[in-house]
Structure formats: structure tokens, C-alpha cells
Number of protein chains: 2
Amino acid sequence: MTGASPIVSQIGILEDDPELRLYLEQIINEAEGLGLAFSSGTVAAARTCMADARPDLCLVDIGLPDGSGLDFIAWLKAEQPTRCLILTVLGDRESVLSALRSGADGYLLKDTPPEQLRRAIVATIAGETPLSPQAATYLLNIFKATVPALEAIDDSLLSAREIEVLKLFSRGLSYRETAGILQVSPHTIGDYVKAIYGKLSVHSRTEAIFEARQLGLIRPLD
Amino acid sequence: MTGASPIVSQIGILEDDPELRLYLEQIINEAEGLGLAFSSGTVAAARTCMADARPDLCLVDIGLPDGSGLDFIAWLKAEQPTRCLILTVLGDRESVLSALRSGADGYLLKDTPPEQLRRAIVATIAGETPLSPQAATYLLNIFKATVPALEAIDDSLLSAREIEVLKLFSRGLSYRETAGILQVSPHTIGDYVKAIYGKLSVHSRTEAIFEARQLGLIRPLD
DNA sequence: GGAGACACCCCAGGATCATGGGGCCAGGAC
DNA sequence: GTCCTGGCCCCATGATCCTGGGGTGTCTCC
């Protein structure tokens, strides 16, 4: 919009293919609100650059001559909260998952069009997570394996109140503490517990939590 | 590329806003390789349409006058393997997760540019999962909670034996049962418990399990 | 207008757990 | 050699939990 917009976000590039690196530099230089912090072709060079340049985001390739971009990300994340966007040709399951595990904030394939890439960079700096449709597929599969489908959840089994109690229990609270939070008598908590144990056919709180988790009544991190 | 490319993929639309519906119809009609199977503004109408039209993919809104698009998807997925792409203004955590739970194959916000939308449709039919960066963020958070970062796990905190005990506890076992499985005295279990509580700074087994889960020492379903 | 489900309150006894103490033995670190 | 850590065993006491019982009031559904 403005002819002289201030550069707000500094971007670092870690990519060994000279041609592609030039192409990325071009995109960043031409984009409003983005500036080039550094551009390097090796992990070693990028680490040196990080010392003085303090980019808001790094575009990182995976396969580099002197190591993996993932190691660079893991190292970087331990040092400072710079955001990292993976840009690679590798679309396989292992690459995607280990990239996200190592702390990447997004995963794009190299065939991403320039405009979409620019949007992805901005979104990542804003705290969002751009994923290539291919990468997202793997993530969704894990999600589906972890969180049972809606129809598998029998909401009618436990009442809303009972689930509340169970969630608090799962965080380690005692009868007294739970009663305090729910603003009821500790005796009442005991009543809910009776109902819950009965319905789930268990005899201790830990069993109940385990069972409820398996049934999808409470989520990994409620 | 070709002037007379065959229509390969039929698309159904479920969207109550007439203006947006027209806009979507236009995108599909103008896109190569895509054709309009049906376009409806209510869940009821869409269900009727599904009887004769057999689209390869449905674009689905969440908030509809006679119900939720998610219910439509759940119904549809139970009937046939049609792919479903959510197109909504809702970007909150709950909407995203329940959409993916109900079987959606992608989740896009309504401000997605036309070209990107077209690409997303094609990608979804190809079996990929286009997610808006916002939606992907929630999914990634769950992923991180489920599969802890490799370096985040501090194996040295708890000994192997202590983790064994904690895992058994997390499945609802008592001192005696745990002792039976590990072939040690119940008193010894008490000793491990002391050590665990001390290291994790907690005072009950449920707290310990919660803490250990957060630290990635034990997995959701060990 | 009762039957049933849910939210809420109370009591009591026996089981289990939490946590303090006491030890023994093996293996690595200093 | 000594120190420390981890695996293993034992005991005792008070706190907490589990589970049986006894109630009240509000809904909704038939």
C-alpha cells in the first residue's frame, strides 16, 4: 500500500541450492514488511550469522552439505525463540514428523508458489503454522489415532459434572481441592466419584482416569 | 492447458450465504478439471442432492440454518467415502478439532484466495489435507503434547525402574498389583514412589502421572 | 403425578496411600 | 579407598480415599 513501508520482519535463509537461494532472497526483498537478515548455504555459516543477525524467522532446508537443517532448528530453538519454516523437497512422513518434533513452526514443499510462500512467512511470524497439504495429512493421521472419532464417544455415559470432576482429578487434585474449585462440599465429590466408578466399573481414581482417557471422555491435556 | 479438458472431479457445495455460494460456484465452474455436482444452502437439501449426485468432494460450511455442517460430514462419511473440505469463518480451537474429528479432510478459512482454494480442492481429492495455518497450529499443539520433542525428554530425571512404576500406576494399578508385576515387595514400590514424588515435587500418584505426562516421561497410552 | 436422572448434602469404617524412619549390596565417580 | 546413586527390603503412623448407607430439591418424560 505505502511506497516506503518500514521493514518489520527480518528473515534468515538456510538453503544450499544457489539458484533457489537467489529465488528466495528475491521474494523476501520484494515483499512488503520483510527484509533479508542473512542467507547461507551451510549450517555452520548460518550459526555464525545468527550471532549478529537476529532474524524473526528462518527459512530452512533439510538436506545441507554439512548437516541437517533439523539440527540447526533444534540448536536455534534452544538458544532463542526464532520461528522456523521448513522448505524442502522431502514430503515423506518421517521428514515431516521429525521436522515438527525438532521444533519447526511450519512445513512447506519447494513447489509452493511465491505468493503463498510470502503469506506463509507472515503467518508463521504471527504464530500460525503453515503446513503443506501433504505434511498436514501425516499430522492428521496421528491426530485420528490419538483422539477417537466423535461417534466413539458416548457423552451420555458420564454427566457433565462427572466429567468436570474427572478432569480435575486427572490433573492431580484431591477431593478437597476439587470441591473447592467446583464450590461444593467434599462429600458431594465423593458422590460423583461413586457414580463415576460405578459407570466405568473401576475402583480407583487412576483407573477411572485411564478408562476415561481410553473412551475419549477426557483428552490428553483436557 | 488444453481447450477441451474433460471434467474429472465433481464438487458439491453446502453453504448458506448466497453470495459466497455464487462465488464458490464460479471458482469451480471456471477451474479446469472441476465441475459442479450440486450447490445447496441447507443440510437437508445437501442430503437429498447426495442421493443422485455423487460428487468427489464437498465444500462444507459449519454454521447452517438447519444444523451443523459437521453433522452432515459425519453422516456422509458413514455413507460413502466422499472427501470433505471445511470452509468457514470459525478459526477457534474447538471448531477446528471437532471438524477434523467428525471426518473432515481439510479445514480452510473463508478468506482463502481463489487460486489457493482451487489448489486445496485438487489436493484434497488427491488425498492430501489442506489446513489453514491457524487450524494447523491447534493440530501441531496436540502433536507436541502427544509426541514430545526428543530433546525435551530428560531421561536422567527418573530412573528406568521409576518410570516403569509410573506407567503401571497410570493404568490404574495399586501398590500390590504393581509389586506383583515387577516381582518386588510392595514396600519397594513405596520406595520408588517416594523417589518419584521427590523428584517431581508432587504428593500424590495422580499429580505424578500428570506431571510425568507433561514432561513426556510417559506417553498418553504408554 | 409418579419414575428417573441429576445436583447437592451428610456420615462412618476399612482399605489404601504418603512419608518419615531403618537397613543391605553393587557399581561408577572422585 | 570413600562417596554417591540406584535397586531392593522392612516398619509405622496419619492422611486420604473408597464405598456402603441416609437424605433433599429440581427437572423432564411418559
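In this predicted model, chain A and chain B meet through 39 residues on each chain. On the chain A side, five helices each supply at least two residues to the surface that touches chain B: α4 (93–101), α5 (114–125), α6 (133–146), α7 (160–170) and α10 (205–215). Of these, α6(A) gives the most, with 9 residues. By class, the residues on the side of chain A that touches chain B divide into 21 nonpolar, 12 polar and 6 charged.

Attention can now turn to the sheet of chain A. Five strands form an open sheet in the order β2-β1-β3-β6-β7, with parallel pairing. The edges are held by β2 (34–40) and β7 (106–109) of chain A, each of which pairs on one side only. Between neighbouring strands of this sheet, the average turn is 20°, direction ignored. Within the sheet, β3 (residues 57–60) and β6 (residues 83–88) of chain A pair in the parallel sense over 4 bridges, and A:L59 stands opposite A:L85 in β6(A).

Helices pack on this sheet as well. Helix α3 (residues 69–79) of chain A touches β1 (9–14), β3 and β6 of chain A, and its direction makes about 160° with that of β3(A). Helix α5(A) also packs on the sheet, touching β1, β2, β3, β6 and β7 of chain A; the direction of α5(A) makes about 155° with that of β6(A). Helix α5 of chain A thus appears in two settings, since it packs on the sheet and also supplies at least two residues of the side that touches chain B.

A further part of the model lies around DNA strand D, which is surrounded by 20 residues. The closest are A:S174, A:H203, B:S159, B:V184 and B:S185. Helices from both chains take part: α8 (175–182) and α9 (186–200) of chain A, together with α7 (160–170) and α9 (186–200) of chain B, each supply at least two residues of the surface near DNA strand D. That surface comprises 5 nonpolar, 9 polar and 6 charged residues.

The two chain A helices named here also pack against each other. The axes of α8(A) and α9(A) come within 8 Å and cross at roughly 105°; the two helices are therefore roughly perpendicular to each other. In their contact, A:Y175, A:R176, A:T178 and A:A179 of α8(A) meet A:P186, A:T188, A:I189 and A:G190 of α9(A). This contact has 4 nonpolar, 3 polar and 1 charged residues.

Note on methods: Residues are numbered from 1 along each chain as its sequence is written. Chains are lettered from A and ligands numbered from 1 in the order in which they are written. This is a predicted model: local features need pLDDT of at least 70, side-chain atom pairs count only at pLDDT 80 or more; totals for chains, interfaces and linings use all residues. A residue is near a molecule or strand if its C-beta atom, placed from the backbone, lies within 6 Å of it. Ala, Val, Leu, Ile, Met, Phe, Trp, Tyr, Cys and Pro count as nonpolar, Asp, Glu, Lys and Arg as charged, and the others, Gly among them, as polar. Axes are lines fitted to C-alpha atoms, for helices over the stretch in contact, and angles run from 0 to 180 degrees between N-to-C directions. Angles under 35 degrees count as roughly parallel, over 145 as roughly antiparallel, 65 to 115 as roughly perpendicular and the rest as oblique. Two residues are in contact if their C-beta atoms, placed from the backbone, lie within 7 Å. Two strands pair if DSSP finds at least two bridges between them.
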